[in-house]
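Take a moment to turn the model around on your screen before reading on. We will walk through it together, one region at a time.

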Amino acid sequence: MNTVSIRTRTYLLLAALIACILANAAQAMIMTIRPAATPGGLEFNLSAKQGYILTPDGGAYYMWGYANGDGLMQYPGPTLEFNQGETVTIHLTNQLDVPVSMVFPGQLNVTAGGGTAGVLTNEAAPAGGMVSYTFTATHAGTYHYHSGTNPELQIEMGLFGAIIVRPDNQPAEETWAYNHVDSQYDYEYLFLMSEMDPTIHEKAECGMWDQIDMNEYWPVLWFINGRCAPDVMLPDNTPLLPHQPYSCRPQVHPNERMLMRLIGGGRDLHPFHHHGNNALQIARDGRLLSSSPALGANLAVSDFTQAAAPGMTLDCIFTWTGKGLGWDVYGHEQDIDNEPTGDFPGPGDVDHNENGSVDNVDPVAGEDMEDHGKPFPVQLPDNKALAFGATYSGSPFLGAMGDLPPGEGGMNMFGGMMFMWHSHNEKEMVNYDIFPGGLMTMMFVEPPGAPIGGAHTMPMGQ
Ligand SMILES: [Cu+2]
């Protein structure tokens, strides 16, 4: 794996063929739970439990969290998926020794059965108490749930999770986030953001309740989907993190539409900054930014940072074509008197401008054509003058693999381009003062035909 040299693009073409066969299937890249529908609607069984999560600085922290049935407590709780119009019942069993509950911001007419009345909703008694919540999902979109009992402490302890409601009026061949084509997407990813003050968890573990002062709350750990960078890039369900099943490893091909489902899951505002391009914010709090349903997301805003306040959800569409770079992202240099790069020309190359020499443009390149054929603006230094990272393919061009010294590279198997996506509150990019980490991940633009998702994204143990 470490002697990365020139590779043919043949296997990319093969992958492209497979991708074509699989195309039009819903590209759900978010792991969710969804029980089988019954005449009475969907019934979820969740429990509130304790457990420990792991952080990349070597920490292990006592947590409370929701679990799927008898499964492990998880941080965040299970991502619940249902369809607009479905009636949903969530049975919560409490295995903690304090009362807990669930609230569902954005869901209408939630009824609670069982348990005892609390400030916000019915609560399940400690050590085995049960309560059931029922509602009908009237609107598509991105939502969350959390404990409605002593929430300033219980959300900190981990009692929250995400909800995805699928629209009831999308074409069978497409995936939409809302009931309008403006929300169409090719891939979707969840960014549930939270933070933690470990001293609260240490005191809770020891039962030192009178010592916990939420006014002295001082987070030093920051999470996407319950993991700190770089753990976010490990696969879903990695056995290394048994209580943190959800990854955050966004990938997309050029000119495809990525749906970012952002949730402010903690107590602080997290400004989420996505390098590579602006994103179009099409929805807030489970509602399309629209002046009238027929007009779609006509009030959408384009921005380079999405500010997710506590309790807020945002849906954004991100697309990347290399527009505005000023150089050809594929390195189509054959037409402009330069040396071919990587394995170009290869079997996938075509003569796009019919000048008699191949130029690597294919119909799904997704390239912004304004810079087509423009040379790389600087002379690339020799490998001997470079320091390498694990994700450098050996070439600056999309889909091209270059020569690397032995032992270098290996985590970018298809010549993708990667962009850091992170909290723009820079102090949140650490794990307990160790940079880089925290609320951060790497987004990969993969060349056309490269597979998306799966274990190849971060080879383990190699
Ligand atoms: Cu940055």
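Which residue in strand 10 is the bridge partner of H144? Look across from H144 and you will find A162. Keep in mind as we go that this is a predicted model.

That pair belongs to a wider pattern. Strand 9 and strand 10, the latter covering residues 160-166, run antiparallel to each other and are joined over six bridges. Together with strand 3 they make an open sheet of three strands, arranged in the order 3-10-9 with mixed pairing. Strand 3 and strand 9 (141-146) are the edge strands, since each of them pairs on one side only. If you follow the sheet from one strand to the next, the twist averages 25 degrees.

Now let us move to the part of the chain that comes before strand 3. Strand 1, residues 42-54, pairs with strand 2 in the antiparallel sense, over nine bridges. The two strands form a hairpin, with five residues between them. In that turn sits G58, which has a positive phi of about 100 degrees. To see how the strands line up, find I53 and look opposite to Y61 in strand 2. Strand 2 is mostly covered, as seven of its nine residues are buried.

Following the chain onward, you reach G71 in the loop that links strand 2 (60-68) to strand 3 (80-83). Why is G71 called partly exposed rather than buried? The reason is a count of neighbours: G71 has 16 other C-beta atoms within 10 Å, whereas a buried residue needs 20 or more and an exposed one has 12 or fewer. G71 also shows how folding brings parts of a chain together: S47 is 24 residues away along the chain, yet the two C-alpha atoms are separated by 8.4 Å.

Next, look inside. In soluble globular proteins, nonpolar side chains tend to be buried together. Here the largest nonpolar core holds 98 residues, and Y189, F191, M193 and M260 touch the most other members. Strand 11 (residues 187-196) gives the most to this core, with seven residues. Leaving aside residues up to four places away in sequence, F191 touches I224, C248, M260, R261, L262, I263 and F272.

Finally, step back to the whole protein. Its secondary structure comes to three helices and 22 strands, and 46% of its 462 residues are buried. Of the contacts between residues at least 6 apart in sequence, 69% join residues at least 24 apart.

Note on methods. Residues are numbered from 1 along each chain as its sequence is written. This is a predicted model: local features need pLDDT of at least 70, side-chain atom pairs count only at pLDDT 80 or more; totals for chains, interfaces and linings use all residues. A nonpolar core is a set of buried Ala, Val, Leu, Ile, Met, Phe, Trp, Tyr and Cys residues joined through C-beta atoms within 7 Å. Helices (H or I, at least four residues) and strands (E, at least two) are DSSP runs, numbered from the N terminus. Two residues are in contact if their C-beta atoms, placed from the backbone, lie within 7 Å. Two strands pair if DSSP finds at least two bridges between them. Axes are lines fitted to C-alpha atoms, for helices over the stretch in contact, and angles run from 0 to 180 degrees between N-to-C directions.
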